[in-house]
Structures are given as structure tokens and as C-alpha cells.
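Visitor: I am new to protein structures. Could you show me how to read one, feature by feature?

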Amino acid sequence: GRGRGRGRGQMTFNVEAVGIGKGDSLPPPTLQPSPLFPALERRAAPLPGGEEGEYMLALKQELRRAMRGLPYFVKPGAPRRDIERYSDKYQLSSPLDSAIDWNPDWRRLPRELKIQVRRLRKGRTAPLVPKQHVTLDKEETIKKLESLEKKEEEVTSEEEEEKEEEEEGKEEEEEEYDEEEHEEETDYVLSYFDNGESFGPDSDDNGDEAVY
Amino acid sequence: MTQAELRLCSLLLQEHFGEIVEEVGNSLLRTGPRPLRLLVGDTGLLPDQVKKALCVLIQHSLVRYEVQPRGCVEYEARSERILRILRYPRYIYTAKTLYGDPGELLVEELLLHGHLSMSCAVARVADRLTETMEDGKTMDYSEVSSTFVRLADTHFIQRCPMVPANPRSAKAPPPPAPALAIAEKDMYIVPRLSLVGKGKRRHSCDEEEEGEHKAKRQKQEGGTSKTPPDDGIYWQVNLERFHQHFRDQALVSAVASRMDQTSSEVVRTMLRMSEVTTASGASHTQPLSSNEIFRSLPAGYNIGKQVLDQYLALLADDPLEFVGKSGDSGGGTYTVSILWGELGVPRPETFPSSGTVFGSRCARIFRLLLRKKHLEQKQVEDFAMIPAKEAKDMLYRMLSENLVSLQEIPKTPDHAPSRTFYLYTVNVMAAARMLLHRCYKSVANLMERRQHEMRENKRLLEKSQRVEAILASMQATGAEAAQLHEVEEMITGPERQQLETLKRNVSKIDASENQVDETIFVLESFIESTMKKP
């Protein structure tokens with residue numbers, strides 16, 4: 001057509017009105033997508049500091065941390081292992097059931113959302129109550145002693161506890177006393193059992209060294 | 001909903017509620033309101049998990065439900081409410097400045113739990129406050145209660161919609177979901193409770209065991225010990241009221257920067273007087289007579305009545321129209337214009353991005369265009385006093401970013417290009433929306449970067465946490481300084497530095513997120529109020 005090739009490039013409107021004067025060179029055409037991180041021409045203004053900013057920052061981090069611990073933070077259930085491993089017995093697993101850990105007011109929610117809570121342990125509440133004082137004292141001591149990590153006493157108290165458990169023959173408070181339950185089968189204290197998984201990277205380092 | 005908003009909502013849900021809730025929320029946001037079984041099908045999660053997630057979301061008012069005529073219940077995600085999670089620190093800090101520590105903790109508990117009954121909230125806050133007090137002292141419930149009442153009176157917290165109380169006949173089947181409702185006038189009425197008690201301190205070691213066992217015994221004895229007197233009455237934070245407060249703050253500071261401290265105090269007083277009488281979304285406060293204003297001035301300001309009148313006249317005459325004169329009764333009545341109008345307050349603050357991203361000269365051109373509305377290329381150069389070449393360059397860059405646009409005004413009916421005016425102009429709403437979109441994108445990027453940093457250094461973080469745990473337990477058992485030192489040495493020097501750097505970076509990113517949220521607030525309020533204008 002007319003005008004093609006003559007002059008730099010003819011537009012339908014008067015380019016001078018927009019500001020491109022005669023003889024000005026236009027920027028070269030863009031042949032690739034714009035870079036992922038375009039160069040910063042000027043630094044961003046510094047963040048406003050001050051007491052308010054600091055406090056809000058601390059609040060934000062605190063909130064994040066707190067919300068992770070609340071029951072509203074829904075954690076996925078423990079993944080099912082393909083093979084049963086020996087260490088599973090010794091790991092404190094999180095509650096696998098999908099029951100809600102908090103009590104919403106069910107009157108305010110649609111009925112279809114109510115999850116049936118498995119009543120595994122609730123049925124045993126009646127016989128447990130009268131014997132609470134005796135057994136709980138012992139287990140209270142056990143807990144206290146455990147936290148102070150005194151080995152000998154723990155072993156003896158465990159033996160006592162084992163006897164009691166056999167006498168009464170019931171599982172009490174599985175969730176609270178998972179440790180004891182595991183321990184009744186062995187003489188070894190759970191808290192001293194370390195299956196070595198947590199030291200993965202370190203042990204790998206050692207493996208690189210040649211063995212003479 | 002834009003992609004940027006979706007992504008940001010997704011990140012916020014994941015960070016605060018976990019991935020399952022994020023999946024459910026995502027599905028609802030992207031595909032719209034749906035019933036439960038469709039939701040389960042789309043997310044591929046277990047039905048129990050989806051139910052749990054929905055309960056959490058409804059508890060925090062992030063999802064609402066509606067009974068459809070055919071009988072099924074549909075769930076809908078509320079994206080704008082999800083975005084508010086970013087602003088939680090600001091709400092809590094505001095409550096602290098207004099009502100001190102009890103107020104701060106009350107708002108925090110209500111935000112963390114979605115909604116709580118008054119007795120529950122007061123008990124929790126009292127316990128938390130007692131923790132921080134010296135040994136032997138406890139926080140009395142009455143102080144926390146009174147703060148609660150004050151928060152309700154000033155509308156910072158409100159009652160949640162209630163379950164309908166009228167008993168249904170046994171014949172009619174119960175509806176699949178309750179229809180919650182509350183009248184406006186009941187929203188801020190505090191039930192008459194006599195909350196008596198003191199905060200409980202968490203005791204250490206042996207006493208803790210007793211407390212636990214007692215609680216367990218209570219649990220086993222049959223669930224709830226007794227229903228609290230305010231059963232069924234729940235409270236939530238009234239976010240709109242906080243937003244109103246932020247807006248008032250912005251107005252006052254704008255007046256202060258434009259005029260002086262005293263005039264800003266006058267405006268602040270006027271706003272405070274009309275806090276609860278102004279309907280949300282109104283463009284002006286109720287008219288206040290200057291006598292009333294004079295009486296309500298804070299005690300420290302002993303300016304005479306004459307001086308006050310002079311200030312009011314000055315404010316009313318100001319072209320930015322902060323204050324308008326609406327009558328002469330009672331010594332002259334005045335209103336404060338609270339709409340982010342065309343000539344309103346936030347504009348100089350709103351578009352600092354044009355300054356930081358493009359430079360202060362671009363900002364000058366931008367402000368010029370805002371004020372003069374339409375300008376030709378040549379006029380821009382003249383008014384802004386910027387050489388032609390630079391002005392051209394800046395204008396084109398802003399044009400390519402859609403901050404300014406070209407308007408054609410034909411001189412002749414045939415729209416011949418050589419005989420048309422091309423005027424640069426700023427389309428404020430479009431520019432505001434574009435900036436808002438960028439803000440959402442920025443915050444999402446910041447969050448992702450922060451999570452990336454944490455993931456990269458996960459091993460180091462876990463190690464340092466373990467070391468701290470060991471140190472704490474050793475200190476409890478009274479180890480010697482040499483042993484403690486040995487344990488501390490487990491973290492090497494370079495590792496310590498790495499941790500420091502990580503902490504600094506994460507803090508910087510967090511502070512930036514807070515900062516961007518302030519801009520988001522201004523832009524959102526502006527867009528919302530401009531759209532409401534008749």
C-alpha cells in the first residue's frame with residue numbers, strides 16, 4: 001500500500017499530537033516476554049518503623065504461631081504406612097479419627113455437618129470414677145518423675161503400674177497415657193528410645209567418609 | 001474475583017487454618033456456592049474432613065450457608081472476609097490503644113475463635129492476664145467485664161445472629177440448617193450477667209496434675225458441668241466499626257498535616273461525638289452545633305468559644321471540604337464529610353505508588369492530572385515544569401501501566417486524527433482498582449517468599465528449636481553454666497548468623513505485608529464509597 005516503506009511509519013493520527021516529534025527514534029520492538037525480575041530503578045522507600053510498627057509485627061507473628069496450635073488448624077490425618085514398621089509402636093501418633101477437637105454450638109450449624117464422635121472410651125466412665133483417686137495418684141507421680149527423668153524410680157513405678165494395670169485390667173485414658181501403655185510391654189523407657197530418624201543428615205555425613 | 005484475590009485468600013487460609021481448610025475454601029471460591037456432596041466430590045477429600053473444614057470456616061464467619069428451596073444447604077465463601085485476616089494485627093493494636101490490655105486480649109480472643117460467649121471470653125482473658133501478673137495476684141473478672149461492656153457500647157463488638165427461639169411443634173421436621181437472624185437494635189445489648197471470679201493461673205508441676213485430674217473427672221462425669229447463663233448468645237468483632245475508626249484516624253491526620261494540631265483535634269472531637277450515630281456508608285456525619293462541639297472538646301484544650309468558631313469557619317472554607325456548614329442553629333452546625341470524595345482526603349496518600357515506582361516527577365504529573373482532569377501533552381510539560389522528553393517518557397510509561405489514559409476529543413465531525421485533541425486524563429476508579437489488584441498480588445508474593453524462606457531453612461530452625469528445648473529442660477533441672485554453654489555450642493557461629501538473617505528477613509517481609517494492607521484498606525474504602533455514591 002501507499003506509504004509502506006516510506007518514512008519511518010505512518011500512523012492514522014498526527015503523531016506529533018501525542019508527542020513523538022519528527023526525527024525521534026522509537027524504542028526497538030520487543031521480541032521476548034518482559035524479564036521476570038525487571039531491574040529496580042529506584043529503591044523502595046524504607047518501611048516506617050516506630051513502636052506501632054514493631055508491635056503490630058510482633059502481633060502478626062504471634063497470631064500466626066497461636067493459630068497453628070488452635071483446634072481450628074485442621075491437620076491432615078497421619079498418612080497410612082504401606083508396611084507396618086517396628087518404630088510405629090513407639091511413635092506418639094496424633095488422633096487419627098476425624099472428630100472435631102473443639103465443641104461448636106451444633107444448634108448454629110447445619111445438621112449435615114455434625115460428625116459422629118466415636119464413643120470408644122466414653123462408655124467406661126462409670127466404673128472409672130470411684131477408682132480415680134488411687135490410680136491417678138500413682139500415675140501422677142509417674143508423670144512427675146518422668147519429667148524429671150530419674151531412671152530408677154521410673155522403672156520401679158512402671159513395675160507397680162504394670163501390676164495395677166493387670167489387676168484392674170482396663171485401659172485408662174489412652175490418649176493421656178499412651179507412653180505408659182507402650183512401656184508396659186518393655187523395660188525400656190520410651191523417652192530414651194531414639195529410632196535415629198531425626199539424625200538423618202548427620203549420619204549421612206558420616207557415611208561419606210571412607211571406612212578404613 | 002480476580003486471580004490475585006483468589007491466590008491471596010488461598011494463602012491466608014493455608015497459613016492460618018491448614019491445607020484441608022484451604023482446599024475447601026479454594027473450591028468454594030473458584031466454583032461458587034455449592035452443597036456438601038458436590039464439595040466433597042470436587043475436593044477429593046474425605047467427607048469428614050470436609051465437614052470439619054466447613055465447621056471451622058463457618059465458626060470464623062468465612063463461609064455462610066443458605067437453605068435452598070429444594071431442601072439442600074448451600075455453602076458460599078466470603079472472599080472479602082477472608083482478606084480481612086491480613087488486618088487482624090491492626091484491629092488488635094487499635095483495641096489496645098483504645099481500651100488497654102483487657103480490650104486487646106478480648107478482641108484477640110474473639111478473632112482467634114471466631115465468636116465466643118461473653119462468659120467464655122471474659123474467663124479466657126482473665127486467665128491470660130493473670131499469667132502475666134506477678135505471683136499471687138489475679139485479675140478480677142469485673143475489670144474484664146467492664147471493658148467488654150465498653151467495647152459493646154461503642155459497637156466494636158456485636159452479637160452474632162441468633163438461633164430462632166420459638167419452639168417448633170414436634171410434628172414439623174426440623175430444618176436442615178437454622179436460620180440465624182438478629183435485629184439491629186439487639187446487636188449491642190450486653191446480657192445481664194454477674195460474672196464473678198478471678199483469673200486462674202496455670203500452676204507448675206504437681207498442682208497442674210491436680211487441676212488436670214479434676215478437669216478430667218468433670219469431663220467424665222457427663223460433659224458440661226452446667227450451662228452458662230448466657231448460653232446461645234455469641235459475640236463477634238464488628239469489623240466495620242474498626243474500619244470506621246481507621247478512616248476517622250486518616251481524616252484527622254490529613255487535617256493535621258494540612259492545617260495544624262488544634263484543627264485536627266476539633267475534627268477528632270466531632271468524629272468522636274458522632275461515632276455511634278453515623279450509619280456506616282453515610283457521606284456526612286450528623287450535624288453538630290458548635291456549642292456541642294465546644295462542650296465536648298477534651299479537657300486539655302482550653303480554647304475560647306470564639307477561637308473554636310474561627311477554626312470551624314476555616315475548616316468549612318477549606319477547598320478540600322473536610323467540614324461543611326449545614327446551618328446556623330446553636331451557633332452554627334457543622335458536619336464532617338467522611339466520604340472519600342473526588343476531592344477527598346486519601347488521594348495524596350493513596351497514590352504514593354506512582355511516586356515510588358515511577359519517581360517523584362511522575363507523581364507530580366499524576367497529581368497535576370488529578371487536579372486538572374484533562375491536559376494536552378504540551379500543557380503537561382508546561383504545568384509540571386518538566387522537559388518535554390522526560391515528560392513524554394513518563395507519560396507513556398504511566399500509560400502503559402494504565403495509570404493514565406488518553407481521551408480523544410474530535411474537532412471535526414469526521415474524527416480526523418490530525419484535527420483531534422488527545423488529552424491525558426486519569427480515570428480514578430480504574431487506576432484505584434488497578435493499584436488494588438497490584439497490592440493483592442504484592443501481598444501474595446510476599447507471603448510466598450516468606451514461606452519459601454522458612455522452608456529453605458527448615459532443618460536449621462528445627463535444630464535450633466531442639467537446642468532451645470534441651471536448654472530449657474536443663475535449666476529447669478539446674479545444670480551448670482558449663483553444661484549450658486556446651487549445649488549452646490551445638491549451634492555453630494555461621495548457623496547462628498544464618499538464623500539471624502532469616503529472622504531479619506522474615507520480620508521485614510511481615511512488616512511489609514502490614515504496610516501493604518494499610519494501602520489496601522484505603523483503596524478498598526475509596527472504591528466502596530465511590531460506588532455507593534448515588
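Guide: Let us take a sheet in chain B, then the make-up of chain A. Please keep in mind that this is a predicted model.

Visitor: In what order do the strands of the open sheet in chain B lie?

Guide: Reading a sheet means listing its strands as they sit side by side. Here the order is β10-β12-β11 in chain B, and the pairing is antiparallel.

Visitor: Why is one side of β10 and of β11 in chain B left without a neighbour in the sheet?

Guide: Both β10 (374-376) and β11 (405-410) of chain B are edge strands with a single partner each, so a neighbour is missing on one side. From one strand to the next, the twist averages 40 degrees.

Visitor: How many bridges join β11(B) to β12 of chain B?

Guide: Bridges tell us how strands are paired. There are 6 between β11(B) and β12 (residues 420-425) of chain B, and these two strands run antiparallel. To find one spot in this pairing, look at Gln407(B): Leu423(B) in β12(B) stands opposite.

Visitor: Which strands does helix α17 of chain B lie across?

Guide: Helix α17 (residues 377-384) lies across β10 and β12 of chain B, at about 100 degrees to β10(B).

Visitor: And chain A: how many helices and strands does it have?

Guide: Chain A has 6 helices and 0 strands, giving the pattern α-α-α-α-α-α along the sequence.

Visitor: What share of chain A counts as buried?

Guide: Burial is judged for each residue: 25% of the 212 residues of chain A count as buried. Chain A exposes about 16500 Å², with 52% of that area supplied by carbon and sulfur atoms.

Definitions and conventions. Residues numbered from 1 in each chain as written. Chains lettered and ligands numbered in written order. Predicted model: local features only at pLDDT ≥ 70, side-chain atom pairs only at ≥ 80, totals over all residues. Heavy atoms only, no water. Pairing = 2+ DSSP bridges. Helix = DSSP H or I, 4+ residues; strand = E, 2+ residues; numbered from the N terminus. Axes fitted to C-alpha atoms, helices over the stretch in contact; angles between N-to-C directions. Contact = heavy atoms within 4.5 Å. Buried < 20%, exposed > 50% of the residue type's maximum accessible area, 1.4 Å probe, protein only. Areas by Shrake-Rupley, 256 points an atom, 1.4 Å probe, with all protein chains shown as cover.
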